[in-house]
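This briefing concerns the surroundings of a bound ligand and the contact between two domains. Please examine the sequence and the structure before reading the points that follow.

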Amino acid sequence: MKLTTNLELGKYFTFELSKDLPIHNWFFYKEGFAPQVVEYALTQEKITNGTLLDPFCGCGTSMLTAKNHNLRAIGFDISPVAVLASQVKCENYDKNEIDEIRKFLLSVPNLPESNYDWQFELFSPRAVFPKSNHNGLLSLRQAIANVENEKIKALLLLALVSIIPQVGIFIKDGGVLRIDKRKMAMPTKEAFRRKLKKMINDLETRAVNSEVPKVSQGDARNLPLADNSADIIVTSPPYLNNVDYTKVYGLELSLMFLDKSITKQVRGESLRSFITSNLPPENVPPEVGDAGIKVPVIGNYFSDLEKSLMEIKRVLNTGGACYLVIGNSVVYGLQIFVDELIAEMAERLGMQSEIIVGAERVADVKPRRVNIRESIIVMRKSGL
Ligand SMILES: C[S@@+](CC[C@H](N)C(=O)[O-])C[C@H]1O[C@@H](n2cnc3c(N)ncnc32)[C@H](O)[C@@H]1O
């Protein structure tokens with residue numbers, strides 16, 4: 001397998017650049033990549049029409065980039081928060097709909113108190129918001145529930161969940177939510193109004209009204225798509241780093257559904273990149289070897305990735321390529337070359353693979369320092 005280095009690409013592997021891009025920045029998704037990853041893949045493959053698929057679409061970076069390039073796009077994510085963000089960012093909104101959003105904005109100062117109850121699996125939401133902000137979130141949540149137009153309702157809901165970190169006294173610290181009592185929380189209604197004004201402005205000045213990508217909740221290990229239905233795949237699965245998205249985005253999920261059990265339910269369906277139970281040795285892909293048997297999270301992770309790779313190969317058009325962004329990991333002191341293992345699995349499954357290293361850094365895993373890299377793995381489905 002070929003391995004090359006292009007350290008120019010690394011800066012596109014994080015959400016940093018998206019933070020300044022209209023529409024892309026409607027929902028802060030730390031785990032997202034920048035649109036330039038998608039543009040790089042399209043340029044390399046000389047794709048100017050056809051269908052782009054992202055089976056782990058997150059906040060919709062691939063979908064929105066494809067839409068802006070007039071390509072058809074299909075995306076799946078297991079998390080309803082990610083699906084909401086992707087769908088809302090990729091929709092077309094006409095003038096009447098924008099007017100209706102503006103009307104809701106004007107009603108915000110006068111919204112009544114809510115009688116909703118909001119519970120979250122890990123702790124009471126009351127513990128991480130000033131009282132007036134907690135009440136403000138629920139009053140907005142209830143008003144949004146009464147909006148009839150489903151498209152507008154979804155946009156307002158995204159605006160609401162997107163301000164949760166701003167109006168709370170917690171920070172997202174790696175994979176956990178940590179209370180930080182010194183943090184200044186912005187008043188809920190003010191944060192919501194600012195967010196909605198920005199969204200309206202982006203829609204009026206920056207939106208491209210072309211074919212709307214199809215984004216659904218779905219499992220990358222079992223895609224509801226016909227064989228050979230995607231011309232290019234650009235994606236990034238969860239990293240092997242014990243980050244549980246249903247915890248990091250648990251407040252957003254539970255406010256969306258007003259249901260305490262939603263986080264547990266989505267966790268059960270997610271790719272197993274965090275603590276898991278033992279799995280039979282025969283389910284550990286052969287490339288992974290002993291580490292996958294001794295450390296269950298490693299075995300489970302690669303077993304799930306193998307299923308996703310099989311689906312990628314099945315739905316990819318002959319001659320098409322998948323660009324997959326991934327980082328290597330250190331798990332309980334074991335250095336795992338995730339990129340090489342994925343590339344080897346892809347070859348066993350009948351795809352040609354190549355690794356392009358985009359970023360290199362040193363991880364301080366006491367008492368050692370370990371070189372960690374992030375790469376794009378290009379997997380190609382040939383006609384042979
Ligand atoms: C690294 S993020 C993708 C970020 C995306 N590239 C972006 O720019 O927003 C990985 C995503 O995989 C999703 N995920 C986890 N398990 C999944 C599964 N079984 N099927 C589909 N998506 C899954 C997570 O919810 C998360 O949004």
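In this predicted model, the ligand is surrounded by 24 residues, of which Tyr-29, Cys-59, Thr-61, Asp-77 and Ala-220 come nearest. The protein covers 99% of the 610 Å² of accessible area that the ligand has on its own. The protein is assigned two domains, and the contact between them is described after the ligand site.

**Ligand site**

- By class, the shell around the ligand comprises twelve nonpolar, seven polar and five charged residues.
- Asp-219 places a polar side-chain atom 2.9 Å from a nitrogen atom of the ligand.
- Ala-220, one of the residues that come nearest to the ligand, has a polar backbone atom 2.9 Å from a ligand nitrogen atom.
- A polar backbone atom of Phe-33 lies 3.1 Å from an oxygen atom of the ligand.

**Domain layout**

- Domain 1 is assigned residues 2–92, 209–238 and 273–380, whereas domain 2 is assigned residues 96–205.
- A distance of 30 Å separates the C-alpha centres of domain 1 and domain 2.

**Extent of the domain interface**

- In general, the accessible area lost when parts come together is often used to give the size of an interface.
- Between domain 1 and domain 2, about 1100 Å² is buried, with 73% of this area on carbon and sulfur atoms.
- Of the area that domain 1 buries against domain 2, Trp-26, Leu-84 and Val-88 supply 53%, more than any other three residues.
- Contact across the interface involves ten residues of domain 1 and 13 residues of domain 2.

**Polar and charged contacts between the domains**

- Five residue pairs are in polar contact between domain 1 and domain 2, counting pairs with both residues at pLDDT 80 or more.
- The side of domain 1 that touches domain 2 has seven nonpolar, two polar and one charged residues.
- One salt bridge is found across the interface of domain 1 and domain 2.
- The side chains of Glu-91 and Lys-151 form a salt bridge, with an N to O distance of 3.8 Å.

Note on methods. Residues numbered from 1 in each chain as written. Predicted model: local features only at pLDDT ≥ 70, side-chain atom pairs only at ≥ 80, totals over all residues. Heavy atoms only, no water. Near = heavy atom within 4 Å. Polar contact = N/O pair within 3.5 Å; in protein donor to acceptor, adjacent residues only side chain to side chain. Areas by Shrake-Rupley, 256 points an atom, 1.4 Å probe, with all protein chains shown as cover. Nonpolar A, V, L, I, M, F, W, Y, C, P; charged D, E, K, R; others polar. Domains from an automatic or database assignment. Contact = heavy atoms within 4.5 Å. Buried area = accessible area lost by both parts, 1.4 Å probe. Salt bridge = Lys/Arg side-chain N within 4 Å of Asp/Glu carboxyl O.
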